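Hi,

Here is the structure I promised to pass along. Have a look at it first, and then read my notes underneath.

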Amino acid sequence: MTAIRARWLRSINLAAAAFFLASLFSHAHGAEQAASRDTPKLGRGINILGYDGIWEGGLNAPFRLDNLTAIKKAGFSHVRINFFGFKFMGTGNVLDEIVLRRLDAVIEDVLARKLVPIVDEHDTHLCQRDVSECAEKLKAFWRQIAERYAGKYPALVFEVLNEHGGEMTSAGWHSLLNECLGIIRRTNPERPVIAAVINTDVIPVDELVLPADDRHLIVTFHYYAPIRFTHQGAPWSPTFSRIGPLDWGSPDDEAKAAADFKKMSVWAEKEKRPVYLGEFGVYERAPSDGRQRYLSFVARSADRLGWAWAYWQFDHDFAAFDSARQAWKPDILRALMPPAR
C-alpha cells in the first residue's frame, strides 16, 4: 500500500510539473517572437578562453583555435569569449594593442567558422569588490572596444559585464550600465548588446532598468541553482569542497527550476526583450547521472522557451571537452546537444 501510494503521488507530481512546463513554454513563445525582431539568433553556444594563455601569446594553452571547428561541428552556433580586459590595461586604462590584435584574430577565426562571437568583459571580481575602480575601467574598456569595432564585424555581439554583484547594488549597476550603453551607442548604434540582471540567487530581473527605445538589447542571467548541487566538490571553496555526492532530478527539483525560468519568461513577455542564459553548468564531482539530467533539463527548457544559451564551459573545470584527448566528453555533449530525430 505504501509503495502504491508513493507511486501515485509521484505520478501526480510529474503530471503537475509537466502541465506547469507546458503552460510556461506556450506562454513564452509569443514573447520570444516579439522580442527577437531587432536581435540576432544566437542559438546554442559555449563559453571559451576565460582562463587561457592565448592573450599572453600562448599557443594551445590549452584552447586551440581549430577547436572552433569542433564546436561548429557539434552543432553550436555561437561562442561567448570571456575576456579579462582590465588585466591588459596600462596607464590611463589604455588597452594593450598587442592583446587587442589577438582579440581581433580570435573574432575573425570565430566568424570564419560561421559562429557568432560574443565579447564578454569578464572582470567579475574587481567589479564586485571595488565599484568605483570598476566603473572607470569598464567605461574606458567600452570606449576603446566600441571605437575599434565601429562598422566592423556586424555579427559581433558585446556583453557589457559578467556577473556584477557583491558591493555593486542594482541602482549602481543600472547607472553604470546606462553610461556604458551610451558610450557604445555613439559608435555602434545598432550593435547587439547583452545586459545582465544583477547576479544574485533570486534573479531580480524586475529591478532591471534599460533604455526603452533601445531594441538591440539582449537580457542575460546565469543559472547554477541549486548551487550546492552544481558546485559540489569544487576544491576552490572550503564549503563546496566538502559537499557531495548530491543528486538532482526529482519532480520538486524540476519544478523549482521551471519556476525560476517562469520568472524570467513573464518579465521578457511584458518587456518584449529576448533572454540569453549566458552560463549554466555542473562541476565534474557531481554524480554523472544527476549532472546529465540537470544539463539536459536546463538546455531543453531554454530551447523550448526560445532563449539562446551558453554552457559553462569548453575546457578547464566544468569542461565539456577533454583538451588532452582532443575529444568531447560524450555524456555532457549528449545532454547539451541531443541527436536530431
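Below are my notes on the fold, the open and closed spaces, one helix pair and a few individual residues.

First, the ground rules. This is a predicted model, so please keep in mind that local features need pLDDT of at least 70 and side-chain atom pairs count only at pLDDT 80 or more, while totals for chains, interfaces and linings use all residues. Residues are numbered from 1 along each chain as its sequence is written, and side-chain values use heavy atoms, with hydrogens and water left out.

**Overall**

The chain has 10 helices and 10 strands; these are DSSP runs numbered from the N terminus, with helices being H or I of at least four residues and strands E of at least two. Of the 341 residues in the chain, 52% are buried (buried is under 20% relative accessible area, exposed over 50%, partly exposed in between, with a 1.4 Å probe and protein chains only). Taking the contacts (heavy atoms within 4.5 Å) with a separation of 6 or more, 78% are between residues 24 or more positions apart.

**Pocket and cavities**

You'll probably want this part. The definitions use a 1 Å grid over the protein atoms alone: a cavity is a set of points where a 1.4 Å probe fits but cannot get out, a pocket is an open set with protein on both sides within 12 Å along at least five of seven lines, and lining residues have an atom within 4 Å of a point. Grid points are joined across faces, edges and corners, and a volume is the space filled by probe spheres set on the points.

The largest pocket holds about 800 Å³ of space. Its lining consists of 30 residues, and E163, N199, Y224, I227 and H231 lie nearest the centre. The elements giving two or more residues to that lining are α4 (124-129), β6 and α8, and α8 gives the most, with four residues. By class, the pocket lining has 13 nonpolar, 10 polar and seven charged residues (Ala, Val, Leu, Ile, Met, Phe, Trp, Tyr, Cys and Pro count as nonpolar, Asp, Glu, Lys and Arg as charged, and the others, Gly among them, as polar).

As for closed spaces, there are two cavities of 30 Å³ or more. The largest cavity has a volume of about 100 Å³ and is lined by 14 residues, with V197, I198, N199, F221 and H222 nearest its centre. Strand β6 (residues 217-223) gives the most to this lining, with three residues. The class split for the cavity is six nonpolar, five polar and three charged.

**Helices α8 and α9**

Helix α8 (residues 251-271) packs against helix α9 (residues 288-305) at an angle of about 30°, and their axes are 11 Å apart. Axes here are lines fitted to C-alpha atoms, for helices over the stretch in contact, and angles run from 0 to 180 degrees between N-to-C directions. On the α8 side the contact uses E254, A257, A258, F261 and S265, which meet F297, V298, S301 and L305 in α9. Those contact residues divide into six nonpolar, two polar and one charged.

**Backbone oddities**

Most residues other than glycine have a negative phi, and most peptide bonds are trans. Here are the exceptions I'd check. The A61 to P62 peptide bond is cis, with omega near -5°, and P62 sits in the loop between β1 (44-48) and α2 (67-73). N60 is in the loop between β1 and α2 and has a positive phi near 50°. A second cis bond joins A225 and P226, with omega about -10°; P226 is in the loop between β6 and α7 (227-230). N93 has a positive phi of about 60° and is buried, at 19% relative accessible area.

**Two loop residues**

Where is Q313? It is found in the loop between β8 (308-311) and β9 (321-322). Q313 is buried, with a relative accessible area of 1%. Beyond its neighbours within four places in sequence, Q313 contacts I46, N47, Y51, F318, A319 and A320. The C-alpha atoms of Q313 and L49 are separated by 9.1 Å, with the two positions 264 residues apart along the chain.

E207, in the loop between β5 (193-196) and β6, is partly exposed at 42% relative accessible area. Not counting residues up to four places away in sequence, E207 touches S170 and H174.

Cheers
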